[in-house]
Amino acid sequence: IILTKNNMHILFTRPLEDSYEMILKFQSLGHEISHLPLISIEDLKHEILNYSKFKGIIFTSSNAIKFLDVKNIDKKIKCFCVGSVTEKKARSVGFQNIFAAEGNVNNLKELILQNFNSSEGKLIYISGEVVFSNLDSELISNGYSIERVINYRAKPIEKYDDDFIEKLKLKMPEIVYIYSQNSAINFLKMIKNYQLETMWINTNLMCISEKTSSILNEIKWKKIFLFNPGEEEYLLYKI
């Protein structure tokens with residue numbers, strides 16, 4: 001039997017399809033769950049690519065894989081993933097030769113430098129419209145040949161359910177999970193729009209990176225934790 005801390009009110013902020021399993025898991029542990037998606041993901045059309053000219057493929061998000069037509073890609077190609085969630089998605093569509101970093105782009109860059117020689121050929125980097133790192137230009141400055149293809153965009157959700165916000169005010173969450181800088185930007189906007197700035201002093205903020213948490217530093221939190229996807233449950237025992 002897993003002994004959890006007292007049952008807590010937890011707020012998840014990813015789109016439902018990315019949160020669904022986690023919500024069920026945390027509910028089964030006895031926690032009260034609220035769900036407030038901050039962004040929606042939509043695919044973007046891009047040119048048809050000749051994948052045979054690439055010797056390695058890079059993903060910094062599982063969304064890049066979700067919106068990619070993989071049938072013409074050699075699944076034995078060297079595949080570099082930013083973290084475990086992206087790696088799992090890559091395996092699910094058939095990639096076999098996967099190198100996964102520990103959830104941040106700096107680690108991913110080091111992984112590529114160690115496991116892919118620039119003389120091996122060209123890399124393709126599939127990403128969203130907005131990226132918060134210069135992975136491609138950093139690799140180019142290290143002598144790599146790389147092509148970036150944009151196949152999705154994260155759109156901020158503009159309108160929230162007023163009833164949901166009112167219920168949130170009555171019982172603020174003890175934990176909030178934020179998974180991207182886009183989400184953090186939109187969360188801050190929502191907090192200001194609904195004048196919730198002073199209401200988070202008993203809430204622990206869980207962020208995917210320091211850059212993500214820094215966007216929300218102007219709000220007073222109980223504590224801020226950094227985490228990798230997959231560590232959400234483990235964090236419950238740290239607070």
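**Notes on the predicted model**

1. Let's start at the surface: glutamate 218 is exposed, with a relative accessible area of 54%. Bear in mind throughout that this is a predicted model. The side chain of glutamate 218 meets that of lysine 192 in a salt bridge, at 2.9 Å from N to O. This pair links distant parts of the chain, 26 residues apart: glutamate 218 sits in the loop between helix H8 (210-215) and strand S11 (223-226), and lysine 192 in helix H7. Lysine 192 is partly exposed, at 37% relative accessible area.

2. On to the other salt bridges, of which the count comes to 15. One of them pairs glutamate 120 with lysine 78, and their closest N and O atoms are 3.3 Å apart. Glutamate 120 is in the loop between helix H4 (105-115) and strand S7 (122-128) while lysine 78 is in strand S5 (residues 78-81), so the pair ties together parts that are 42 residues apart in sequence. Glutamate 120 counts as partly exposed because its relative accessibility is 34%.

3. Strand S7 comes up again with lysine 122, which forms a salt bridge with glutamate 147; here the closest N and O atoms are 3.4 Å apart. Glutamate 147 is in strand S8 (residues 146-156) and lysine 122 in strand S7, so to speak two distant parts of the chain, 25 residues apart, linked by the pair. Is each partner buried or partly exposed? Glutamate 147 has 18% relative accessibility and so counts as buried, whereas lysine 122, at 26%, counts as partly exposed. Elsewhere, Glu42, Glu129 and Arg153 are joined into one network by salt bridges that share partners.

4. Now the inside. Nonpolar side chains tend to be buried together in soluble globular proteins. In this model the largest nonpolar core has 24 residues, and those with the most contacts inside it are Ile178, Phe187, Met190, Ile191, Trp200, Leu216 and Trp221. At least two residues each come from helix H6 (162-170), strand S9 (175-178), helix H7 (181-193) and strand S10 (204-207). H7 gives the most, with five residues. As for isoleucine 191, it is in contact with Leu196, Glu197, Trp200, Ile219 and Trp221, leaving aside neighbours within four places in sequence. There is also a second, separate core of 20 residues, which includes Phe54, Ile73, Cys79 and Ala90.

5. Glutamine 181 is worth a look too. This residue is found in helix H7 and counts as buried, at 15% relative accessibility. Setting aside residues up to four places away in sequence, glutamine 181 touches Phe132, Lys211, Thr212 and Ile215. Its C-alpha atom is separated by 9.7 Å from that of leucine 216, although the two are 35 residues apart along the chain.

6. Which disulfides should you look for? The structure holds zero. Cysteine 79 is in none, and the nearest cysteine sulfur, that of cysteine 81, is 3.9 Å away; a disulfide would need the two sulfur atoms within 2.5 Å. Cysteine 79 counts as buried, at 0% relative accessibility, and cysteine 207 counts as buried at 0%.

7. Last, helix H1 (residues 16-28), where leucine 16 lies. Leucine 16 counts as partly exposed, at 47% relative accessibility, and with Tyr20 and Leu24 it forms a nonpolar surface patch of about 300 Å² accessible area together. Serine 19 is in helix H1 as well, but it counts as buried, at 2% relative accessibility. Its contacts, not counting residues up to four places away in sequence, are Phe12, Arg14 and His35.

Key: Residues are numbered from 1 along each chain as its sequence is written. This is a predicted model: local features need pLDDT of at least 70, side-chain atom pairs count only at pLDDT 80 or more; totals for chains, interfaces and linings use all residues. Side-chain values use heavy atoms; hydrogens and water are left out. Patches are made of residues with over 30% relative accessible area and no salt bridge: like charges are joined within 9 Å, nonpolar side chains (Val, Leu, Ile, Met, Phe, Trp, Tyr) within 5 Å. Accessible areas come from the Shrake-Rupley method with a 1.4 Å probe; for residues, only the protein chains shown count as cover. A salt bridge is a side-chain nitrogen of Lys or Arg within 4 Å of a carboxyl oxygen of Asp or Glu. Helices (H or I, at least four residues) and strands (E, at least two) are DSSP runs, numbered from the N terminus. Buried means under 20% relative accessible area, exposed over 50%, partly exposed in between (1.4 Å probe, protein chains only). Contact means heavy atoms within 4.5 Å. A nonpolar core is a set of buried Ala, Val, Leu, Ile, Met, Phe, Trp, Tyr and Cys residues joined through side-chain atoms within 4.5 Å.
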